[in-house]
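Student: I should like a close reading of one part of this model, set in the context of the whole chain. Please begin with the overall composition and then turn to the chosen part.

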Amino acid sequence: MTPQRISILAVIVAIAALVVGAQGFSQAASLRADVAAQVESAQGSKLAVERIGVQPIGPAHPLDAPNVARDPAVLPPPITRTEPATVEITLTTKEVTAELADGTTYDFWTFDGTVPGPMLRVMEGDIVKVTLVNPPESSVSHNIDLHAVNGPGGGAAVTNVAPGEMKSFTFKALHTGAYVYHCAFPPPMHHIAQGMYGGILVEPAGGLPEVDREFYVMQGEWYTTGAFGDPGHQEFSGPKALAEQPEYFTFNGHAAALTQLYPLQANVDETVRLFFGVGGPNVGSNFHIIGEVFDRVFSGSPDTFVANEEVWYVPPGSVSAFEFTVDVPGQYLLVDHALYRVSKGAAGVLVVSGEHDEGIYSPPVTGGSH
């Protein structure tokens, strides 16, 4: 099975295979029916449906874009300068009808048309001018709150923009670290739930230590009137959001963003830095890559890293950085280790190519990327 065709169910099967010691996706095929049946008939899902209810949904809506998934390999280049500068950033709010999953549409609210919005990258000491544009065709007002900002509302207090408006503000980047930004226009939780979040990195002077590859991934949850997997057009469900019972979890704005659309790619012996955040609005993530140990993890300042970590909790409204070296070729699963969330979309794949080292892992896994 090629990385591009890995489905959510295949990811669940792969996890089951790893637990029982099977190697590769193909050897887990016999578990497919059992796992699917378990997910379908899970008592928790039944109770959630009885408590909140699932409404019939209408047909899929015409698309403004195929999806809002952001390629995790697309992020600004590392900073190498050592002196502060003035940095200008412009973000445009975009309300987009796109697919949340295959055959399922949703009306997203976004920054620059993707979920998450673009990753922003500045240096400690920079003067940052942020301009927020809300096009005239928007249906609601928006603003922006950056957790890296010292000032009322993180910028939200001075960036309320009605449709057709544009506003700017400036701030000085005082603290190194990785942070979330999001829309905070009332009610802020609803704007976040529609997809309006992203990450901003404040690097130290001279930048972070060099690595071979960087990725940018953010998890969010979606509260829909229909059940997970229902084809058609899903609407936002306020009761499910209040009850904190999401139907979907996504990495980068689509149920298959990092399994089918944009699997992560790396080579053996490369160093990787993965910025992983949670937009929320309600549920944090227990981030884990199956088959990897993180060399360094930091939330906030890179000086306060933790070494040799397995699973790291990232709360809603937060970003952490994960650094590791890939040693063995194959397919590595990115998951929220609250593992039933994988069945609702919280999954990705890192495909590692290169020569196998039997001194590290033996025997080699067949059917992977070598």
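How many helices and how many strands are there in the chain? After that, please look closely at T105 in strand 2: which residues is T105 in contact with, and which residue is its bridge partner in strand 10?

Tutor: The chain holds 5 helices and 20 strands, taken as DSSP runs numbered from the N terminus (helices H or I of at least four residues, strands E of at least two). This is a predicted model, in which local features need pLDDT of at least 70 and side-chain atom pairs pLDDT 80 or more, whereas totals for chains, interfaces and linings use all residues. Residues are numbered from 1 along each chain as its sequence is written, and side-chain values use heavy atoms, without hydrogens or water.

Of the 370 residues in the chain, 52% are buried (under 20% relative accessible area with a 1.4 Å probe, protein chains only; exposed is over 50%, partly exposed in between). Contacts (heavy atoms within 4.5 Å) often span the sequence: among those between residues at least 6 apart, 74% join residues at least 24 apart.

The part in question is strand 2, residues 104-111, where T105 has its place. In strand 2, 7 of the 8 residues are buried. T105 itself has 2% relative accessibility and therefore counts as buried.

Strand 2 has pairings (at least two DSSP bridges between the strands) with two elements described here. With strand 1, residues 86-101, strand 2 runs antiparallel over 8 bridges, and K94 stands opposite T110 within this pairing. The hairpin formed by strands 1 and 2 has 2 residues between the strands, and G103 there adopts a positive phi near 85°. With strand 10, residues 232-233, strand 2 runs parallel, joined by 2 bridges. Here the bridge partner of T105 is H233.

The surroundings of T105 reflect these pairings in its list of contacts. Setting aside neighbours within four places in sequence, T105 touches T97, A98, E99 and L100, as well as G232, H233 and Q234. Contacts with A60, H61 and L63 complete the list. For H61 there is also a polar pair: its backbone nitrogen lies 3.1 Å from a polar atom of the T105 side chain (a polar contact is a pair of N or O atoms within 3.5 Å, one able to donate a hydrogen and the other to accept it; residues adjacent in sequence count only through two side-chain atoms).

Elsewhere in the chain, an open sheet of 5 strands has the order 12-20-19-14-17 with mixed pairing. Strand 12 (264-267) and strand 17 (312-314) are at its edges with a single partner strand each, so one side of each lacks a neighbour in the sheet. Inside that order, strand 19 (residues 330-336) pairs antiparallel with strand 20 (residues 347-353) over 6 bridges, and L333 stands opposite V349.

Some backbone details deserve a check as well. A cis peptide bond links G280 to P281, with omega about 20°; P281 belongs to the loop between strand 13 (271-280) and strand 14 (285-290). Another cis peptide bond links S362 to P363, with omega about -5°, and P363 lies in the segment after strand 20. Two asparagines, neither of them glycine, have positive phi: near 65° for N252 and about 55° for N308. N252, in the loop between strand 11 (248-251) and strand 12, counts as buried because its relative accessibility is 0%. N308, in strand 16 (residues 306-309), counts as exposed because its relative accessibility is 60%.
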